[in-house]
Amino acid sequence: KDRIELLNKVGFEWDLSPQPWETKYEQLASFVEKNGHARIPGKFPENPTLGNWVMAQRQYYKHRLKGKKSCMTERRIELLNKIG
């Protein structure tokens, strides 16, 4: 258990397949490029799951700021900040 906590503290990524995150990130980047903002509607007909994904990323970020367990890493924060 101590080892797991130490790995979590240094930002160890437990998800071995980051592809789904990367895919949604690229979809968000395309949306931002097209629309000039990252405020995805909750029910976005062109990509219904993108709005939920964005809301989840915001929640993960808030958890990280509060010191709670979160899958939001520094790398992901940097990538999201790049696109707005």
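This report walks through the fold, the surface and the charge pairs of a predicted protein model.

**The overall picture**

Let's start with the fold. The protein has four helices and zero strands, and reading along the sequence gives the pattern α-α-α-α. Picture a box drawn along the principal axes: the C-alpha atoms fill roughly 45 × 25 × 20 Å.

How much of the protein is buried? Of its 84 residues, 27% are buried. The protein exposes about 6500 Å², and carbon and sulfur atoms supply 55% of that area. You can also ask how far along the chain the contacts reach. Taking contacts between residues at least 6 apart in sequence, 37% join residues at least 24 apart.

**Charges and their partners**

Now for the charges. The protein carries 16 positive and 10 negative ones, and the mean positions of these two sets are 7 Å apart. Side chains of opposite charge can pair when their charged atoms come close. How many salt bridges does that give here? The count comes to three, and here they are:

| Salt bridge | Closest N to O distance |
|---|---|
| Glu22 and Arg75 | 2.8 Å |
| Lys34 and Glu46 | 3.7 Å |
| Arg64 and Glu74 | 3.1 Å |

Take Glu22 and Arg75, with their closest N and O atoms 2.8 Å apart. Glu22 sits in helix 2 (residues 19-35) and Arg75 in helix 4 (residues 74-83), so this pair ties together parts that are 53 residues apart in sequence. Are these two residues buried, exposed or something in between? Glu22 has a relative accessible area of 22%, so it counts as partly exposed. Arg75 is partly exposed too, at 42% relative accessibility.

Next come Lys34 and Glu46, whose side chains meet in a salt bridge at 3.7 Å, N to O. Lys34 belongs to helix 2, while Glu46 lies in the loop between helix 2 and helix 3 (48-65), so the pair ties together parts that are 12 residues apart in sequence. Both Lys34 and Glu46 are exposed.

That leaves Arg64 and Glu74, with 3.1 Å between their closest N and O atoms. This pair links distant parts of the chain, since Arg64 is in helix 3 and Glu74 is in helix 4, 10 residues apart. Arg64 is partly exposed, with a relative accessible area of 31%. Glu74, at 45% relative accessibility, is partly exposed as well.

**A nonpolar patch on the surface**

Charges aren't the whole story of the surface. Which residues make the nonpolar patch? Ile4, Leu7, Val10, Phe12 and Trp14 do, and the patch covers about 490 Å². One of them, Val10, lies in the loop between helix 1 (2-9) and helix 2. Is Val10 buried or exposed? Its relative accessibility is 67%, and the cut-off for exposed is over 50%, so Val10 counts as exposed.

**One more residue to find**

Finally, look for Asn52, which has its place in helix 3. At 44% relative accessibility, Asn52 counts as partly exposed. How far is Asn52 from Lys34? The two are 18 residues apart in sequence and 19 Å apart in space, going from C-alpha to C-alpha. You have already met Lys34 as the salt-bridge partner of Glu46.

Key:
Residues are numbered from 1 along each chain as its sequence is written. This is a predicted model: local features need pLDDT of at least 70, side-chain atom pairs count only at pLDDT 80 or more; totals for chains, interfaces and linings use all residues. Side-chain values use heavy atoms; hydrogens and water are left out. Helices (H or I, at least four residues) and strands (E, at least two) are DSSP runs, numbered from the N terminus. Buried means under 20% relative accessible area, exposed over 50%, partly exposed in between (1.4 Å probe, protein chains only). Contact means heavy atoms within 4.5 Å. Accessible areas come from the Shrake-Rupley method with a 1.4 Å probe; for residues, only the protein chains shown count as cover. Lys and Arg count as positive and Asp and Glu as negative; His and the chain ends are not counted. The place of a charge is taken as NZ of Lys, CZ of Arg, CG of Asp or CD of Glu. A salt bridge is a side-chain nitrogen of Lys or Arg within 4 Å of a carboxyl oxygen of Asp or Glu. Patches are made of residues with over 30% relative accessible area and no salt bridge: like charges are joined within 9 Å, nonpolar side chains (Val, Leu, Ile, Met, Phe, Trp, Tyr) within 5 Å.
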